[in-house]
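Please find below my notes on the fold and the cysteines. They are set out as numbered points.

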Amino acid sequence: MTATLYGIGIGPGDAELLTLKAVRLIRETPVLAWPAPLDGEGLARTIAAPHIPPGKDEIAIRMGFTVDRAGTEAAYDRAADAIAAHLDAGRDVAVLCEGDPFFFGSFIYLFARLSPRFAVEVVPGVSSIMAASADLHAPLCAWDDGVAIIPATRSEAEIEAALAASDAAVIMKIGRHLPKVKAVLRRLGLWESARIIERVGLPGRRVHDVATVTELPYFSLILVHRRGNAWL
């Protein structure tokens with residue numbers, strides 16, 4: 001029997017930002033899987049909940065969300081085995097993924113394990129970057145601008161090099177790396193025009209003032225452009 005594995009992007013948090021295709025597959029696919037903490041429902045399922053009909057078979061991919069890569073890899077191994085059992089039985093499986101499945105998405109690790117054996121379809125989703133740009137009324141790029149997407153986890157030198165080579169940038173995964181990022185942006189004369197948002201599309205969404213911000217959670221974005229905010 002043949003079945004399909006769907007990687008479904010569900011956007012950054014607003015249940016109305018799911019695509020029509022994502023909603024249809026969530027309703028029609030017999031099995032849903034979603035990443036989750038060791039206890040609780042998990043953000044991906046919470047976002048998609050308004051579109052999930054009762055009676056679904058569901059697989060919670062439980063992991064600690066820590067730097068322990070061995071534990072994370074083992075969690076994906078277990079999830080891949082559970083999903084494969086349904087696919088082998090001819091039952092389609094839809095994996096819910098925050099944002100877009102192939103943009104820092106958890107689905108990537110299941111795709112790597114299962115795509116050699118099963119048919120896969122990826123349904124793109126609204127990324128946190130696009131949602132942040134829209135929320136902040138901050139155009140990300142125009143004309144022939146080059147855009148860098150930079151994890152704040154990279155070294156100070158790497159962040160500075162990427163910023164220096166681009167017209168615009170999105171710096172992600174801020175958290176404890178804020179002092180380092182702020183120092184680089186100040187050195188390049190970009191800090192005063194930076195736009196900062198945390199938990200875009202989610203309860204607790206907050207926009208920060210560069211003059212007063214002293215800490216940020218992991219789920220924060222900083223948008224910067226060499227032309228500053230002078231778009232008009």
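1. Two strands are taken to pair if DSSP finds at least two bridges between them. On that basis β1 (residues 4-9) pairs with β5 in the parallel sense, over five bridges. One position to look up is Tyr6, whose bridge partner in β5 is Glu121. Note that the model is predicted.

2. The sheet is open and has five strands, with the order β3-β2-β4-β1-β5 and parallel pairing. At its edges are β3 (57-62) and β5 (119-123), each of which pairs on one side only. On average, neighbouring strands of this sheet are turned by 20° against each other, direction ignored.

3. Two helices should be viewed against the sheet. Helix α1, residues 20-28, lies across β1, β2 (31-36), β4 (93-97) and β5. Its direction runs at about 135° to β1. Helix α3, residues 69-88, also packs on the sheet, where it touches β1, β2, β3 and β4. The direction of α3 makes about 165° with that of β3.

4. On the cysteines, how many disulfides are there? The count comes to zero, the cut-off being cysteine sulfur atoms within 2.5 Å of each other. Cys97 has a relative accessible area of 1% and is therefore buried, the limit for that class being under 20%. Cys141, at 42%, is partly exposed, because this class covers values between the buried limit and the exposed one, which is over 50%.

Terms used:
Residues are numbered from 1 along each chain as its sequence is written. This is a predicted model: local features need pLDDT of at least 70, side-chain atom pairs count only at pLDDT 80 or more; totals for chains, interfaces and linings use all residues. Side-chain values use heavy atoms; hydrogens and water are left out. Helices (H or I, at least four residues) and strands (E, at least two) are DSSP runs, numbered from the N terminus. Axes are lines fitted to C-alpha atoms, for helices over the stretch in contact, and angles run from 0 to 180 degrees between N-to-C directions. Contact means heavy atoms within 4.5 Å. Buried means under 20% relative accessible area, exposed over 50%, partly exposed in between (1.4 Å probe, protein chains only).
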